[in-house]
Amino acid sequence: MSQTPHPTDPSDPNAPVSPEEALAAEAANEADALTALAQELATAKAQNADLADQFLRAKAEVENARRRADEEIAKARKFAVESFADSLLAVADSLEAGLAIQEATREQLREGTEATLKQLKSALERHKVLEINPAVATKFDPHQHQAISMVPADQEANTVVAVLQKGYLIADRVLRPALVTVAAPK
């Protein structure tokens, strides 16, 4: 005959459980679940604190980058004209030197003026300020030219007859359009 475990043997899974034992087991399971939840909560709080810290650091970094960019833009605006002004100082010096000569001849004045104009054009070109000086019979371009009048001419209609005043571009943008007369349609 085989020996059967005693009905109150705790190692028998099929043994009847008393209500007190069931309550104790349930309380133990709930305590384990509470401990696990408390650990999950602590982990979530730690992750939350870490993420909040990372967010604040990233936000501060963005603010610092924005502030530095604003400072750089302000400096660029403030000193953008510095190089251009430096180029024009030679032109001013030449004009003053020309005016300092008391008994200059017409030829000397003309030579000095031409040299100074050459310096000015060179300074403008270095800073990408280019002339708009269309040749006669060039097609009228309303983006670069301003028609002052239309005149009868022996050339194709809507072409430049004469340039009354040169225009200028700065970095491919029209600073001032060239003032031109245009051939009228026949």
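The exercises below, each with a worked solution, go through the fold, the helix pair, the core and some single residues of one predicted model.

Because this is a predicted model, local features need pLDDT of at least 70 and side-chain atom pairs count only at pLDDT 80 or more, while totals for chains, interfaces and linings use all residues. Residues are numbered from 1 along each chain as its sequence is written, and side-chain values use heavy atoms, with hydrogens and water left out.

**Exercise 1. Describe the elements and the overall dimensions of the chain.**

Step 1. Begin with the elements: the chain has two helices and six strands, where helices (H or I, at least four residues) and strands (E, at least two) are DSSP runs numbered from the N terminus. Reading along the sequence gives the pattern α-α-β-β-β-β-β-β.

Step 2. Turn to the dimensions: the C-alpha trace spans about 140 × 55 × 30 Å along its principal axes. The radius of gyration of the chain is 45 Å, whereas a compact globule of 186 residues would have one near 16 Å; this radius is taken over C-alpha atoms, and the globule rule is 2.2 Å times the number of residues to the power 0.38.

Step 3. Look at burial: 12% of the 186 residues count as buried, a word that stands for under 20% relative accessible area, with exposed meaning over 50% and partly exposed in between (1.4 Å probe, protein chains only).

**Exercise 2. Determine how helix H1 and helix H2 are placed against each other, and which residues meet.**

Step 1. Locate the helices and their geometry: H1 covers residues 19–100 and H2 covers residues 106–126, and they pack at an angle of about 180° with their axes 9 Å apart. The axes are lines fitted to C-alpha atoms, for helices over the stretch in contact, and angles run from 0 to 180 degrees between N-to-C directions.

Step 2. Classify the angle: H1 is therefore roughly antiparallel to H2, since angles over 145 degrees count as roughly antiparallel, those under 35 as roughly parallel, 65 to 115 as roughly perpendicular and the rest as oblique.

Step 3. List the partners: from H1 come Phe84, Ser87, Leu88, Ala90, Val91, Ser94 and Leu95, and they meet Thr116, Gln119, Leu120, Ala123, Leu124 and Arg126 of H2. The residues of this contact divide into eight nonpolar, four polar and one charged, where Ala, Val, Leu, Ile, Met, Phe, Trp, Tyr, Cys and Pro count as nonpolar, Asp, Glu, Lys and Arg as charged, and the others, Gly among them, as polar.

Step 4. Examine one member: Val91, found in helix H1, is buried with a relative accessible area of 8%. Not counting residues up to four places away in sequence, Val91 touches Thr116, Gln119 and Leu120, contact meaning heavy atoms within 4.5 Å.

**Exercise 3. Identify the largest nonpolar core and follow the contacts of Val160 and His145.**

Step 1. Name the members: the largest nonpolar core has six residues, namely Ile132, Val160, Leu169, Ala178, Val180 and Val182. Such a core is a set of buried Ala, Val, Leu, Ile, Met, Phe, Trp, Tyr and Cys residues joined through side-chain atoms within 4.5 Å.

Step 2. Find the main contributor: strand E6 (residues 178–183) supplies the largest share of this core, three residues.

Step 3. Follow Val160: leaving aside neighbours within four places in sequence, its contacts include Pro134, Val136, His145, Gln155 and Val180.

Step 4. Follow His145: this residue is found in strand E2 (residues 145–151) and counts as buried at 6% relative accessibility. Beyond four places in sequence, the residues in contact with His145 include Ile132, Val160, Ala178 and Val180.

**Exercise 4. Compare the backbone and surroundings of Ala137 and Asn158.**

Step 1. Recall the general rule: most residues other than glycine have a negative phi.

Step 2. Take Ala137, whose phi is near 80°, a positive value in a residue other than glycine. Ala137 lies in the loop between strand E1 (129–132) and E2, and counts as partly exposed at 44% relative accessibility.

Step 3. Take Asn158, whose phi is near 60°, again a positive value in a residue other than glycine. Asn158 has its place in the loop between E2 and strand E3 (160–165), and counts as partly exposed at 34% relative accessibility.
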